[in-house]
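Colleague: I am new to this one. Please show it to me, and then let me ask how you arrive at your labels.

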Amino acid sequence: MAVYSIEIVLTVIIIYGLAYIFYGKKILQDKVVKADPNRPTPAYTRFDGVDYVPANKYVLYGHHFASIAGAGPIVGPAIAMAYGWALPLLWVLFGNVFIGAVHDYLSVMASVRYGGLSVMSISENVMGRKARYIFLVYVYAALILVIAAFASVAASVYTKNPSAATLAVIYMPLALLLGIMVYRIGINVKTSTIIALILAVLAFYYAYKVPLILGYNPATKTGDLWGTYHIWVTVLSLYAFIAASLPVWYLLQPRDYLNAYLLWFFVALAAISAFLVGDLKFTGPAYTSFSPKIIAGKPTPFLPSIPLIIACGALSGFHSVVGSGTTSKQLSNELDALLIGYGGMLTEGAVSSLAVIMPISLAWSAPELAGTAYQTSILELDKVSRFVVGYGYMAAKALEKLGLDFTGTFNVAKLFAAIALATFILTTLDTATRLARFSWQEMFDWLEPKSPGLYKVLTNRFVATFLAVLIGWALAYPTVTIGGQTQAAYNVVWPAFAGTNQLLAALALLTTALWVYVVLNVRGKISWIIQVPAWFLWITVTLALLWWTTVVMPGLPAVQKYGAGSIVVISLALDFLLIYYFVKGLRAPKPSS
């Protein structure tokens, strides 16, 4: 049965539209949380000019969306295409509607109601003090893997696509300029945005003409490929340290806001292209195998392993840390949370479905690309290249219908895809580093009354940031050998990051479900539509991580085996401890503080 791109686009839009109105607004906002536009948010009650800063709804949506998106909704689905397109698409849609968007919205709102505290600290109010510290350690470990995985992916992209590196570097002063125009000079958001976007377009043209080559030239395949990779891992680690230490308004918020425009255009181009090539059939199969060799060359069953592959496109625990760690501190009005929390996750799902799964399915064995990008199947390409080629193909076919040359537009569209991926990786990298700092600082609050001097040193923002960056750098820097081929570290770190990340989602959703049940006193069917998906996810991810530790971990290189492997094993132990406290809290609930 032939499948056309227009059918997928309409299906995704209809599902997300209905979910936003009926599940998000009618149930979660109006019946569960009962959002109140007159209740002061922490951005006002705890304003400090650094982390607690009220933000324009659309600016914050851009910051939040760009922070949660990153490489996850792109790289994960590109890897999962080894199953065919149907199973990954179903997982993305199911995860978005029933788990991911619910998880994100409740994490933001629970944090807002607790004065901007993280979801880890909220756990103390519903599970007890011990649960809070266990949760903090778990989250810190998960964030270290996020830093390592995304630093490795970014270094790989910049090594093979130096023009993407050029634009990413130019974006930094553009973000600084935007922040200064809005927050210091007082130019309104609309005018500042127009100025910044015009400069961004000029920057894209400059990047296309002037790639940033550090030793390795992908066009001529000359230079030291892995030497350049190592340089980028180090440079990106230094960047993460600096960016995560600055006030949020200075770089992080305006840069992510700018990035959101890039990603909106990126998604819009994918959707528009799908309409223009609506009669273009998928050349990829809906199903290939239930257990292809994906992770470290091992047969990888779709269930329970899919959470180890599609890390963020369907759902992500990292979002709960972003939502309760930075977004809740900037929310100006409780009603804004629906667009930012719930809508942000649906938009991320659109990235996975419309800009990754669909284009790869169209380009899978496209005759125009046979013998150029690949011989017979797009699966011959590495994970990142699958996405870049697929997106470039769909955009070029659409522009061809408008009379433009396919070959020329294909090359430009590929570059745009690489730039979009590379730019958004940075948002996750520095946001994860900032959140790791928050987690580290919260872990030692018990030390302050006992030893104020030591507490001050350990929780110093520069010390806390440096420790997170150093460990992430150590995991991302080495290359690995799989099947006799040298590869970037993310090829083995990714499943560990994805697994701990998805398990964090289950734990965070269980925590907020307990908050809904205990504190908000919401019972019956509405309570169960939150708890059942949370338990389903917890069981699935726990089984997947147990599979990873017994099947995959023993064959990994030493650094990843004892580094990422140890973090996963510790995370599993903490996971079961948290479940114990969850059940205990459910039986003997604590009142709100």
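Modeller: Start with a term. A salt bridge is a side-chain nitrogen of Lys or Arg within 4 Å of a carboxyl oxygen of Asp or Glu. Keep in mind that this is a predicted model.

Colleague: What makes Glu 368 and Lys 397 a salt bridge?

Modeller: Their side chains meet at 2.6 Å, N to O. The cut-off is 4 Å, so the pair qualifies. Glu 368 sits in the loop between H14 and H15, Lys 397 in helix H15, 29 residues apart.

Colleague: Why is Lys 397 called buried?

Modeller: Its relative accessibility is 14%. Buried means under 20%, so the label fits Lys 397.

Colleague: And why is Glu 368 called partly exposed?

Modeller: Glu 368 has 34% relative accessibility. Partly exposed lies between 20% and 50%, so Glu 368 belongs there.

Colleague: Which salt bridge joins Lys 397 and Glu 400, and at what N to O distance?

Modeller: Their side chains meet at 3.2 Å, which is within 4 Å, so this pair counts. Both are in helix H15, three residues apart, so about one helical turn separates them.

Colleague: How do you know that Asp 382 and Lys 160 form a salt bridge?

Modeller: The N to O distance is 3.9 Å. The limit is 4 Å, so the pair is accepted. The two residues are 222 residues apart, with Lys 160 in helix H7 and Asp 382 in the loop between H14 and H15.

Colleague: How many salt bridges does the whole structure have?

Modeller: Seven. Arg 39, Arg 113 and Glu 334 are linked in a network of them.

Notes. Residues are numbered from 1 along each chain as its sequence is written. This is a predicted model: local features need pLDDT of at least 70, side-chain atom pairs count only at pLDDT 80 or more; totals for chains, interfaces and linings use all residues. Side-chain values use heavy atoms; hydrogens and water are left out. Helices (H or I, at least four residues) and strands (E, at least two) are DSSP runs, numbered from the N terminus. Buried means under 20% relative accessible area, exposed over 50%, partly exposed in between (1.4 Å probe, protein chains only).
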